Amino acid sequence: MLEFYFSYCGVLKRLRSGALGGEMDRLAEHFFALGYKRASAKIYLSRIGRFSQFAATRCGRMPIHQDVVDSYLCTFTTDSPRIGAASALGHARRVAPERFMASAPRVDDDPDTPLLTSFSDYLRKVRGLEPKTREGVLLGGRRFLDWFRHHHPGQNLEALTAEHVLAAVAASAVAIGDLRYPHRSNFSHPDISSVFVLGWPPRPGSRARRPQDAPLAFGSSTAAPCMG
């Protein structure tokens with residue numbers, strides 16, 4: 001069925017030689033049966049073929065582990081081709097599920113992971129921060145959440161006020177031996193200089209506008225200059 005979409009012998013040989021080589025004709029039939037236009041089907045088959053070659057170097061003809069899929073998707077530096085590849089692999093999973101290993105459910109004992117993941121997406125999509133910059137802000141956010149949970153057990157993050165932020169900054173200053181700033185009532189401390197840059201300047205007594213903004217207040221001072 002691949003011959004319906006491709007005519008060159010070299011292309012056909014390459015498509016049939018990867019980790020999913022034995023399934024490529026089935027995939028071609030799949031797109032034909034779904035009524036995909038020829039040009040669109042060729043794009044999907046080419047994407048699957050590229051992944052198939054990549055997977056062949058990792059697992060040969062063995063079932064493909066999710067780590068291989070994740071590694072391949074990480075090779076894309078922009079969203080559009082990564083989404084296109086993921087969409088094509090979705091078709092491959094439906095047509096040949098036996099070629100993919102079912103992922104064991106991950107047990108994540110970190111209660112902050114969902115919040116920090118959402119916050120990272122916010123920093124990337126809305127604030128436009130580069131990966132290294134996000135890492136610094138997220139590290140500061142995690143430290144703040146640890147402090148908040150330790151000093152205010154059982155309290156929801158929705159109850160966060162600017163006083164909490166200032167107290168956390170003071171505690172941080174004491175911890176690092178920088179005692180010049182703990183008693184100030186403004187936001188001049190280096191540990192929260194990124195608050196103004198990122199547009200989250202709460203006033204004393206005010207509530208945080210969004211729970212995901214809270215970690216910004218404890219972000220690293222090195223994050224701001226790296227914004228991109």
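# Talking through F4 and its surroundings

Trainee: At 39% relative accessibility, what does F4 count as?
Mentor: Keep in mind that we're looking at a predicted model. Buried needs a relative accessible area under 20% and exposed needs over 50%, with another class in between. F4 comes out at 39%, so this residue counts as partly exposed.

Trainee: And where along the chain is F4?
Mentor: Helix α1 covers residues 9–15. F4 comes ahead of that helix, so its place is the segment before α1.

Trainee: Which residues does F4 touch, not counting those up to four places away in sequence?
Mentor: One partner is a long way off along the chain: F4 and F32 are 28 residues apart in sequence. In space, their C-alpha atoms are 9.3 Å apart. With heavy atoms within 4.5 Å as the test for contact, F4 touches F32 and R38.

Trainee: What is the area of the nonpolar surface patch that F4 helps make?
Mentor: A residue needs over 30% relative accessible area to join a patch, and F4 has 39%. Its partners in the patch are M1 and F32. Put the three together and the patch is about 270 Å².

Trainee: Let's zoom out: what pattern does the protein follow along the sequence?
Mentor: There are zero strands here, and nine helices. Reading along the sequence, then, you get α-α-α-α-α-α-α-α-α.

Trainee: Of the 228 residues, what percentage count as buried?
Mentor: The protein as a whole exposes about 12,700 Å², and carbon and sulfur atoms supply 57% of that area. Burial is judged residue by residue, with under 20% relative accessible area as the cut-off. Of the 228 residues, the buried share is 42%.

Trainee: Among contacts between residues at least 6 apart in sequence, what share joins residues at least 24 apart?
Mentor: F4 and F32 make a handy example, since they touch and sit 28 residues apart in sequence. Over the protein, the share of such contacts joining residues at least 24 apart is 62%.

Trainee: How are α3 and α5 oriented relative to each other?
Mentor: Their axes come within 9 Å and cross at roughly 90°. Angles from 65 to 115 degrees fall in one class, so α3 and α5 are roughly perpendicular.

Trainee: Which residues in α3 meet α5?
Mentor: Helix α3 runs over residues 38–59 and α5 over residues 79–95. On the α5 side, the contact involves G84, A85, S87, A88, L89, H91 and A92. On the α3 side, the residues are Y44, R47, I48 and F51.

Trainee: What about α2 and α5, how do they lie to each other?
Mentor: R26, L27, H30 and F31 in α2 meet H91, A92 and V95 in α5. The axes are 10 Å apart and the packing angle is about 105°. That angle falls between 65 and 115 degrees, so α2 and α5 are roughly perpendicular.

Trainee: On to charges: how far apart in sequence are the parts that E3 and R16 tie together?
Mentor: Their side chains meet in a salt bridge, 3.1 Å from N to O. E3 is in the segment before α1, while R16 is in the loop between α1 and α2, so the bridge ties together parts separated by 13 residues.

Trainee: Which other residue forms a salt bridge with R16?
Mentor: R16 is partly exposed, with a relative accessible area of 29%. The partner here counts as partly exposed too, at 22% relative accessibility. Its closest approach to R16 is 2.9 Å between N and O atoms, and the residue is D25.

Trainee: Is E23 buried or exposed?
Mentor: E23 lies in the loop between α1 and α2. Leaving aside neighbours within four places in sequence, it is in contact with A96, E98 and R99. Its relative accessible area is 11%, against a cut-off of 20%, so E23 is buried.

Trainee: How close do the N and O atoms get in the salt bridge between R26 and E23?
Mentor: R26 counts as partly exposed at 34% relative accessibility, whereas E23 counts as buried at 11%. A salt bridge needs the nitrogen within 4 Å of a carboxyl oxygen. For this pair, the closest N and O atoms are separated by 2.6 Å.

Methods. Residues numbered from 1 in each chain as written. Predicted model: local features only at pLDDT ≥ 70, side-chain atom pairs only at ≥ 80, totals over all residues. Heavy atoms only, no water. Patch = residues over 30% accessible without salt bridge, like charges linked within 9 Å, V, L, I, M, F, W, Y side chains within 5 Å. Areas by Shrake-Rupley, 256 points an atom, 1.4 Å probe, with all protein chains shown as cover. Helix = DSSP H or I, 4+ residues; strand = E, 2+ residues; numbered from the N terminus. Buried < 20%, exposed > 50% of the residue type's maximum accessible area, 1.4 Å probe, protein only. Axes fitted to C-alpha atoms, helices over the stretch in contact; angles between N-to-C directions. Parallel < 35°, antiparallel > 145°, perpendicular 65-115°, else oblique.
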